[in-house]
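I open this notebook to record what I looked up, beginning with the pockets and ending with the aromatic pairs.

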Amino acid sequence: GAIWAGAIPFQIHPNFRRQHRLAHKMVGYSFVISAFLMAFGICVIFARDLTFHNDYDGIPPPDSSELLQMKLSSFLLTTYFVCSALLAVYYAGWAKDIQRHQKWIIRHIGSGMWIAVQRIVVMICQGAGLVSGPMMMRNLFGNAATGSVFVSILLAEIAIRCLNQYGVKKIV
C-alpha cells in the first residue's frame, strides 16, 4: 500500500513525467504491480476470514446479511480497483490514448484512496472521544469505509469532469 500511495505524486506530477519519462514508466509498473498485490491481499483476507468484523472480542458477531453485504461490496470495489488499473495500462500502452489513460488512472486512484480517508476519519473520531466500546468502533470502521469509498470515487469523477471542463490535457 505504501508503494502504491507513494507512487501517486510522481505519476500525476506533469514536470516529473516530462523530465523523467523512464522513471515515470518504472514507477508506473511498480504502481500497478502493487495494486495487483493489494487486490490479492484482499482475496487472502476473505479466504482466511480476517475481515475487520473478527477483530472485536466480547461483542456479538455481525449477522449474515451484514457479512454478505460487506463481502459483496468489497468484491465489487476490488474488481473496480483492478479493472481501472488494467484499463489505464491498456490506454497507455496498447491504445496509446493518453487522455483515457489519465481518466482511468484518476479513477483507479479514487478507488484505492478511500482507505486513507477512512483511517483519517477513524483517527479523528477516536481522538475526539466519539468512540466508546468495541461495538461502536466496529460500526465506525465499517461506516467510515462506506462513506470514504463514496467520497473518493465521487471526487475522482469530479476531477475528471474538471479536467474536461477546463481543457487541461495531460495530467497523467
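For the lining counts below I take Ala, Val, Leu, Ile, Met, Phe, Trp, Tyr, Cys and Pro as nonpolar, Asp, Glu, Lys and Arg as charged, and the others, Gly among them, as polar. I keep in mind throughout that this is a predicted model.

**Entry 1: the second largest pocket**

I applied those classes to the lining of the second largest pocket, and its residues divide into 10 nonpolar, five polar and six charged. The volume I noted for this pocket is about 760 Å³. I counted 21 residues in the lining, and those closest to the centre of the pocket are His24, Lys25, Ala92, Ile98 and His101. I then asked which elements supply at least two residues each to this lining. They are α2 (14-19), α3, α4 and α5, and the largest share, eight residues, comes from α3.

**Entry 2: the largest pocket**

I turned next to the largest pocket, in which about 960 Å³ of space lies. Its lining has 36 residues, of which Ile42, Ser74, Trp114, Ile115 and Ala145 are the closest to the pocket centre. Two or more lining residues come from each of α1 (2-12), α3 (21-47), α4 (64-93), α5 (98-127) and α6 (134-166). By class, I wrote down 19 nonpolar, 14 polar and three charged residues for this lining.

**Entry 3: the chain as a whole**

I stepped back to the secondary structure, which comes to six helices and zero strands, so that the order from the N terminus on reads α-α-α-α-α-α, by the rule that helices and strands are DSSP runs numbered from that end. Along the principal axes, the C-alpha atoms fill a box of roughly 55 × 35 × 25 Å. I looked up the exposed area as well, and the protein exposes about 10700 Å², with carbon and sulfur atoms supplying 68% of it. Of the 172 residues in the protein, 33% are buried. Among contacts with a separation of 6 or more, 68% are between residues 24 or more positions apart.

**Entry 4: the aromatic pairs**

How many aromatic pairs does the count come to? With ring centres required to lie within 6.5 Å, I arrive at six aromatic pairs, and I followed two of them in detail. The rings of Trp4 and Phe31 have their centres 5.5 Å apart with their planes at 10°, so I recorded the pair as stacked, since planes under 30 degrees apart count that way. Trp4 lies in helix α1 and Phe31 in helix α3, so this pair ties together parts that are 27 residues apart in sequence.

Are the two residues of this pair buried or exposed? Trp4 counts as buried because its relative accessibility is 3%, and Phe31 is buried too, with a relative accessible area of 2%, the limit for buried being under 20%.

The rings of Trp4 and Phe81 have their centres 5.7 Å apart and their planes at 55°, so I entered this pair as tilted. It links distant parts of the chain, with Trp4 in helix α1 and Phe81 in helix α4, 77 residues apart. Phe81, at a relative accessible area of 8%, is buried.

I close the entry with the grouping that these pairs lead to, in which Trp4, Phe31 and Phe81 form one aromatic cluster.

Definitions and conventions. Residues are numbered from 1 along each chain as its sequence is written. This is a predicted model: local features need pLDDT of at least 70, side-chain atom pairs count only at pLDDT 80 or more; totals for chains, interfaces and linings use all residues. Side-chain values use heavy atoms; hydrogens and water are left out. On a 1 Å grid over the protein atoms alone, a cavity is a set of points where a 1.4 Å probe fits but cannot get out, and a pocket is an open set with protein on both sides within 12 Å along at least five of seven lines; lining residues have an atom within 4 Å of a point. Grid points are joined across faces, edges and corners, and a volume is the space filled by probe spheres set on the points. Helices (H or I, at least four residues) and strands (E, at least two) are DSSP runs, numbered from the N terminus. Buried means under 20% relative accessible area, exposed over 50%, partly exposed in between (1.4 Å probe, protein chains only). Contact means heavy atoms within 4.5 Å. Accessible areas come from the Shrake-Rupley method with a 1.4 Å probe; for residues, only the protein chains shown count as cover. Rings of Phe, Tyr and Trp (its six-membered ring) pair if their centres lie within 6.5 Å; planes under 30 degrees apart count as stacked, over 60 as edge-to-face and the rest as tilted.
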